[in-house]
Amino acid sequence: MKKTQITIGAILTSVIAIIVIGANLYNFQKLVQAKSTLKNLTNSNIELEENLNNTEAKYIKFKNDNQTELLKYSEKFNKILPSDEAITDFNREIENFSNSLHSLSNPIFLEKMTYGSSKKQEKINGLYIVPVSLSFQGTDKNFYKIIEYLESSGNLENESRLLEITKIAINWEGKEFEKSDIELYDFEINVNIYLYSSI
Amino acid sequence: MDPNSSKNTEDIFANQNSTPEQNNVQNDGQEKVKEENKKSIKKHPFPSLILKLIILIGIFSFAYMQTQLSVNFSIFGVSVAKEIQTLEKELLDNQAQINKINLSVAVDSLNFFALKAEDYLSHLEQINSNFVTKNTKEKLSAKLPEIKNELKVSITTAKEAVTAEKSSGNISEEQAKKSTEEKLTEEKLALASELNASENKDDVRKKIQNLNEILNLLNNDDLIAKIKSFDIESLSEESIKSLLENIYSQQNNKLTTIYNIDKEKLIWSNVMHEIEIVTKGIDPLYGSALSQNIGQIKYNSFQLEKGENEQEDKIIVNGTITTSDSKNFNIASDLIDSFTNSTLFSGAKMRSFNKKFDEENQYIGNFNIELTFQN
């Protein structure tokens, strides 16, 4: 009887020992796996770091090779489609173009420029418009030249500000220019100038 | 459990129900049994101790391994699990950085491609135009191979960049994409938060815009698939146009915005030209030097208005019709019909007609016609 009691005690101890050994074996297996994963990850990371260094080197070369062109286009795009209203730039652009058309035999006067508030456009994310009203007095030839210029807006060559004509009103009842036979017409052109700020 | 303790308890119960002699005999027997038990116990101290030791070591070992397999314990230094976690994050970060760089190169190359493609198509258009001189055409033709070569370089770079591996052995493509997206978004938010305080706002905006373009391309599987399958060797006008169309419709940047707005612009000079053609059809002297004196139709104003949508675009033309035979309403009607039948306009409207006889023996009437565009 006493021998049996000793055996039960031993069995219990043994069972506990087996459980502990089993749990250890299980954990050990997991730890071996984890170590193996760690080794693989370390190797992968070494490879990836090498890959990253190569990619960065290629990127620097790409940027250096294309730096001039990237900068050129970036500047052009900023003039054509600025990130803010850039009203003062547009004033200069229109006045300079209008003045370049003007001559005594073919006059044109930019009389007024009025800006509305900017509005967000739903159709393109980040796009805004600023309505502008332009009032001129000029010959019919210059009227068509102004229209042609505004229509060709957003041009990469002349870097003109991107805009869209929304309204043209011209009064074909001409006025005599300084007692000559040149007739001047009043015309008002409404445009939306664009800006792009995708923040 | 101590085996001696149970034995002692049973001995006490046995002693309570026996005589002194029996007790003596029993005691002798018990002593022997005790001795035997002691001997039997003494026979096995070593295995029992080993077991206890095994259990003890086992518990410690288990605890140690458990800490190594857990990211939260750091009693024995940095655990293996923590190291794995750190490395996995590092791997994802590195992969995200590689993907960001490749996508950045792809975005720039696609923009170059679009610009070169526009140039190439514009050259082709002029070469095929009847209004360009032979000399100019020859000059333009001579430039084509160079532009075509630049196109090939741009699209090859873009193709290489989008084809570069987006994940490494231990990271799935989905994980890498998510990590890249998170990295780009974090960078974008950081830039946006420093925008107001920045001295060079334009520079910060450019960086944000660039990150937006990269993010856009990252999530644009369709465009990436088109770039990957693009046949660079057999570069043709059609394939260039097709890819360009895809870039414009699926990328969102300044270049594509300029193109998309330009595409939808209403060309008012075409409208005015059409008004002139229609008017000359009714009054051949319109626009000539003689029209001031003997012309029938004279415009006072054009009002061209762009609506919220194409159906709302409208033109209002008004002026006077002068005749000597009082056929003003006939001419006004002819003008309305001509506008309606023109290829550009539809729905010419005028519902009030008037005329009067003036002092110069002429009939003068005003007209006010509202036109809409054909769909």
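Which domains does the domain assignment of chain A give? In this predicted model, the assignment divides chain A into domain 1, covering 1-80, and domain 2, covering 87-196. The C-alpha centres of domain 1 of chain A and domain 2 of chain A are 64 Å apart. For chain B the corresponding assignment gives domain 1 (3-43), domain 2 (85-264) and domain 3 (268-373), and there the C-alpha centres of domain 2 of chain B and domain 3 of chain B lie 49 Å apart.

The strands of chain A offer a convenient way in. Strand S3 (residues 127-138) of chain A pairs with strand S5 (residues 183-196) of chain A in the antiparallel sense, over twelve bridges, and within this pairing Leu127(A) stands opposite Tyr196(A) in S5(A). S5(A) also pairs with S4(A), again in the antiparallel sense, over ten bridges, with Phe187(A) in S5(A) serving as the bridge partner of Ile170(A). S4(A) and S5(A) form a hairpin with six residues between the strands, in which Glu178(A) takes a positive phi near 45 degrees.

From S4(A) the pairing continues across to the other chain. Strand S4 (residues 163-176) of chain A and S1(B) pair in the antiparallel sense over five bridges, and Ile170(A), which has Phe187(A) as its bridge partner in S5(A), stands opposite Phe302(B) in S1(B). In a regular strand the side chains alternate between the two faces of the sheet.

This strand pairing belongs to a wider description of how the chains meet, in which 66 residues of chain B are in contact with 67 residues of chain A. On the side of chain B that touches chain A, at least two residues each come from helix H1 (3-16), helix H2 (20-43), helix H3 (45-69), helix H4 (80-127), helix H7 (201-218), helix H10 (254-264), helix H11 (268-282) and strand S1 (297-305) of chain B. H4(B) supplies the largest share of that side, 17 residues, and by class the side has 28 nonpolar, 24 polar and 14 charged residues.

The nonpolar cores can be read alongside this interface. The largest nonpolar core has 81 residues, and Tyr194(A) and Ala106(B) are those with the most contacts inside it. H4(B) contributes the largest share of this core, twelve residues. Leaving aside residues up to four places away in sequence, Ala106(B) touches Ala158(B), Ala161(B), Val162(B) and Leu217(B). Apart from the largest core lies another core, of ten residues, among them Leu41(A), Leu48(A), Val80(B) and Leu92(B).

Chain B itself has 13 helices and five strands, and buried residues make up 26% of its 375 residues. Of the contacts in chain B with a separation of 6 or more, 61% are between residues 24 or more positions apart. Among the helices, helix H6 (residues 173-195) of chain B has 23 residues and reaches 33 Å from its first C-alpha to its last, close to the 33 Å expected at 1.5 Å a residue. Ala176(B), Ser179(B), Thr180(B) and Leu184(B) are buried in H6(B), and the buried residues of H6(B) pack against H4 and H7 of chain B. An α-helix has 3.6 residues a turn, so residues three or four places apart point the same way.

Further along chain B, strand S5 (residues 363-373) takes part in several pairings. With strand S2 (residues 314-323) of chain B it pairs in the antiparallel sense over ten bridges, and Ile369(B) in S5(B) is the bridge partner of Val317(B). Strand S3 (residues 345-349) of chain B pairs with S5(B) in the antiparallel sense over three bridges, where Ser346(B) has Thr372(B) as its bridge partner. Strand S4 (residues 356-357) of chain B and S5(B) pair in the antiparallel sense over two bridges, with Ile364(B) in S5(B) as the bridge partner of Lys356(B). S4(B) and S5(B) form a hairpin with five residues between them, and Asn361(B) in the turn has a positive phi of about 60 degrees.

One residue of helix H11 of chain B, Glu274(B), closes the tour. Glu274(B) counts as partly exposed because 17 other C-beta atoms lie within 10 Å. Not counting residues up to four places away in sequence, Glu274(B) touches Ser342(B) and Leu344(B), whereas the C-alpha atoms of Glu274(B) and Ile84(B), 190 residues apart along the chain, are separated by 73 Å.

Methods:
Residues are numbered from 1 along each chain as its sequence is written. Chains are lettered from A and ligands numbered from 1 in the order in which they are written. This is a predicted model: local features need pLDDT of at least 70, side-chain atom pairs count only at pLDDT 80 or more; totals for chains, interfaces and linings use all residues. Two residues are in contact if their C-beta atoms, placed from the backbone, lie within 7 Å. Helices (H or I, at least four residues) and strands (E, at least two) are DSSP runs, numbered from the N terminus. Ala, Val, Leu, Ile, Met, Phe, Trp, Tyr, Cys and Pro count as nonpolar, Asp, Glu, Lys and Arg as charged, and the others, Gly among them, as polar. Two strands pair if DSSP finds at least two bridges between them. A nonpolar core is a set of buried Ala, Val, Leu, Ile, Met, Phe, Trp, Tyr and Cys residues joined through C-beta atoms within 7 Å. A residue is buried if 20 or more other C-beta atoms lie within 10 Å of its own, exposed if 12 or fewer, and partly exposed in between; C-beta atoms are placed from the backbone. Domain bounds come from an automatic or database domain assignment. The expected span of a helix is 1.5 Å times one less than its number of residues.
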